[in-house]
Amino acid sequence: MAEGTTNKLVHSFDVTNDVKKSLFDLGAFVGDLSVEEDTNNDDISLEGLEQELDECKDDDDYINESDNLVSLHDQIRDCDNILSQMETLLGGFQAEIGSISSDIKVLQEKSMDMGLKLKNRKVAESRLAKFVEDIIVPPRMIDIIVDGEVNDEFMRTLEIMSKKLKFVEVDPMVKTSVALKDVLPELERLRQKAVSKVFEFIVQKLYALRKPKTNIQILQQSVLLKYRYIISFLKEHGKEVYTEVHAAYVDTMNKVLSAHFRAYIQALEKLQLDIATSSDLLGVDTRSSGLFSRGREPLKNRSAVFALGERTNILKEIDEPALIPHIAEASSRKYPYELLFRSLHKLLMDTASSEYLFCDDFFGEESIFYEIFAGPFAVIDEHFNTILPNCFDAIGLMLMIRIIHLHQLIMSRRRIPCLDSYLDKVNISLWPRFKMVFDMHLSSLRNANVKALWEDDVHPHYVMRRYAEFTASLIHLNVEFGHGQIELNLERLRMAANDLLVKLAQMFPKPKLQTVFLINNYDMTIAVLKEAGPEGGKIQLHFEELLKNYTAIFVEELLLEHFSDLIKFVKTRASEDTTSSSERAITVSEVEPLVKDFGSRWKAAIELMHNDVITSFSNFLCGMDILRAALTQLLLYYTRLSDCIKRIVGGSSLNKDLVSISSIMYEIRKYSRTF
């Protein structure tokens, strides 16, 4: 067909050339004719020829041109023949062109049909190849799963087999294929073999966790996590076996971790230092038991019973490693329970965080963590339920509350929620115990035996020192915590302590001793609160106001003791009008004894006041302030007396007996320096 088309095209090209040649010859002929007839005309018409023939009819030229006419006629006939042939050739050429176009269209349709068939065959071939690849079980796969060791290659082969199993189960068309009927039994046997093999392997690895002195975290991270795909394979293709693996791991870790925490708790219990007992309360007289031999003597465990002291350092070391019992035991040291509490919960946090992340990575299930830690939680709860009812250390309880709060923040920063409910439960159990112990202290103050507690000593009472240290400790621990209930309880405790202090002061027979006793205790309380930090707040302000009031009372009592007549006169008579003619007018004879008495013994009286203050007040700074206030007040009284004398008729006669203000000021400055 292609050869016939080519011949037609060649024949058409030949015809075209002949036509071009004939047209060229015709053009040349007409051109020659035109030149001969008239070089000025480009075209020749028949009418023109006839006209010329008519003009030359009678002329000899007509005869002479007959040959040319004949030749012209012949040439026209030849041209007509050529044009006729040319028309025939062009018609044939057109027919050939139409035939060629039809052939090309047919070829185009056949080409498109062949391309579509080729594409369909490639798609079918690709799908068939994938089907064969997905369904076939290569001998190499069988060898690796049946006889190979469980290693990286084995797990890669498991992944391939898992894809084949999923392909068989998911695609409904595959289930109806004849090929599947041949392959499926072999694939199922291979699955069973793989499940059995990985089960034996993983159980052996889990049993390794039970060996004594095994570092569980290292074994989990460096060994078990390498085979995490085995667990995924069992979950998908061996659920009954996965359940057994799951149960085996839970049982193993539950027992191992429970044993570890039980041993750790037993080791910690040997290191515990008992800080307080049920009798170590603020208002209890424990002198007979040896805890307090005298009010001013050192307390046994004084730095820990009611005072916070260095115990607060545990909050700064909250994220330090847990205590190692055998190292601590070797040093023969004992520790307050809150330090053991922090170590136990630090170990719990680190162990729980590691196990929670491992369970999530290895099993892909967070819930398994709670099954594992049911045992350790029970062990810790059993220990805590034994310790808590016997804990009478309010400061230790508050430290534990703060520790739990900080541990909750640490777990929050780690973004691990596995201990949220447990830490909340511990916190909920600590608060009622703290409240109960606090109320015991409060009741001990309210119900205190005043006669048993009273001592004939104006120095700070040991009960008030206990109170001050206890209050300062709780205020310091509550600064960052900001618990409103603690502030309310401390206010109740302050009222009870102050009421007891007033009752103790009333046991002194003299008002002056009562005042000195109260001042010493208030001053000591303020000093302790200030030592604890600038967080004394309302309680400190309250005691400062009381100290100010009783200081003013003592100053008046001290001055009345030495200058009662002077003070009485100044308060009752000095403000009267001395120029009055009434019988009550102040006379020189009335004030002269006061002036002479003051001038004769004022220095000795100030010395006595100085000695009295030194022996009465344990805080020298407080005593100095009180003495300065007393001397200043004395100066004011004497100044008013001097002003009164100046207004009395004849009062100038007493000037020689008056003590100069500068002399009194000098003595005040002298005692202020030497005190």
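Helices here are DSSP runs of H or I with at least four residues, numbered from the N terminus. Keep that in mind for Arg 446, which sits in helix H19. One caution before you start: the model is predicted.

**Exercise 1. Get the overall picture**

Work out how many helices and strands the protein has, and what percentage of its residues count as buried.

Solution.
- Start with the secondary structure: you should find 27 helices and two strands.
- Next, burial. The protein has 675 residues, and 43% of them count as buried.
- Now the surface. The accessible area is about 37300 Å², with 55% of that belonging to carbon and sulfur atoms.
- Finally, look at contacts with a separation of 6 or more: 80% of them are between residues 24 or more positions apart.

**Exercise 2. Place Arg 446**

Is Arg 446 buried, partly exposed or exposed, and which residues does it touch beyond its sequence neighbours?

Solution.
- Find Arg 446 in helix H19.
- Check its relative accessibility, which is 47%. The partly exposed class runs between 20% and 50%, so Arg 446 counts as partly exposed.
- Set aside neighbours within four places in sequence, and Arg 446 is in contact with Arg 492 and Ala 496.
- For a distance check, take Leu 493, 47 residues away along the chain: its C-alpha atom is 9.1 Å from that of Arg 446.

**Exercise 3. Describe how H19 packs on H22**

Are H19 and H22 roughly parallel or roughly antiparallel, and which residues make the contact?

Solution.
- Two packed helices are described by the angle between their axes and the distance between the axes.
- Here the axes of H19 and H22 (residues 484–505) come within 8 Å and cross at roughly 15°.
- Angles under 35 degrees count as roughly parallel, so H19 and H22 are roughly parallel to each other.
- The crossing of H19 and H22 is left-handed.
- Then pick out the residues. H19 brings in, among them, Trp 431, Phe 438, Leu 442 and Arg 446, while H22 offers residues including Ile 486, Arg 492, Leu 493 and Ala 496.
- Sorted by class, this contact has ten nonpolar, three polar and four charged residues.

**Exercise 4. Try two more helix pairs**

What are the relative directions of H21 and H22, and of H23 and H24?

Solution.
- H21 (residues 462–478) and H22 pack at about 170°, with their axes 11 Å apart. That makes H21 roughly antiparallel to H22.
- Residues in this contact include Tyr 467, Phe 470 and Leu 474 of H21, along with Leu 490, Leu 493 and Ala 497 of H22. The class split is twelve nonpolar, two polar and two charged.
- Move on to H23 (residues 511–532) and H24 (residues 537–572). Their axes come within 9 Å and cross at roughly 150°, so H23 is roughly antiparallel to H24.
- The contact of H23 with H24 has 15 nonpolar, four polar and six charged residues.
- For handedness, the crossing of H23 and H24 is left-handed.

**Exercise 5. Look at a loop proline**

Where is Pro 417, and what does it touch?

Solution.
- Go to the loop between helix H18 (394–414) and helix H19 (420–446), and you'll find Pro 417 there.
- With a relative accessible area of 38%, Pro 417 is partly exposed.
- Ignore residues up to four places away in sequence: Pro 417 touches Tyr 356 and Tyr 370.
- Its C-alpha atom is also 9.0 Å from that of Ser 353, although Pro 417 and Ser 353 are 64 residues apart along the chain.

How values were computed
Residues are numbered from 1 along each chain as its sequence is written. This is a predicted model: local features need pLDDT of at least 70, side-chain atom pairs count only at pLDDT 80 or more; totals for chains, interfaces and linings use all residues. Side-chain values use heavy atoms; hydrogens and water are left out. Axes are lines fitted to C-alpha atoms, for helices over the stretch in contact, and angles run from 0 to 180 degrees between N-to-C directions. Angles under 35 degrees count as roughly parallel, over 145 as roughly antiparallel, 65 to 115 as roughly perpendicular and the rest as oblique. A crossing is left-handed if the near helix is turned anticlockwise from the far one by less than a right angle, and right-handed if clockwise. Ala, Val, Leu, Ile, Met, Phe, Trp, Tyr, Cys and Pro count as nonpolar, Asp, Glu, Lys and Arg as charged, and the others, Gly among them, as polar. Buried means under 20% relative accessible area, exposed over 50%, partly exposed in between (1.4 Å probe, protein chains only). Contact means heavy atoms within 4.5 Å. Accessible areas come from the Shrake-Rupley method with a 1.4 Å probe; for residues, only the protein chains shown count as cover.
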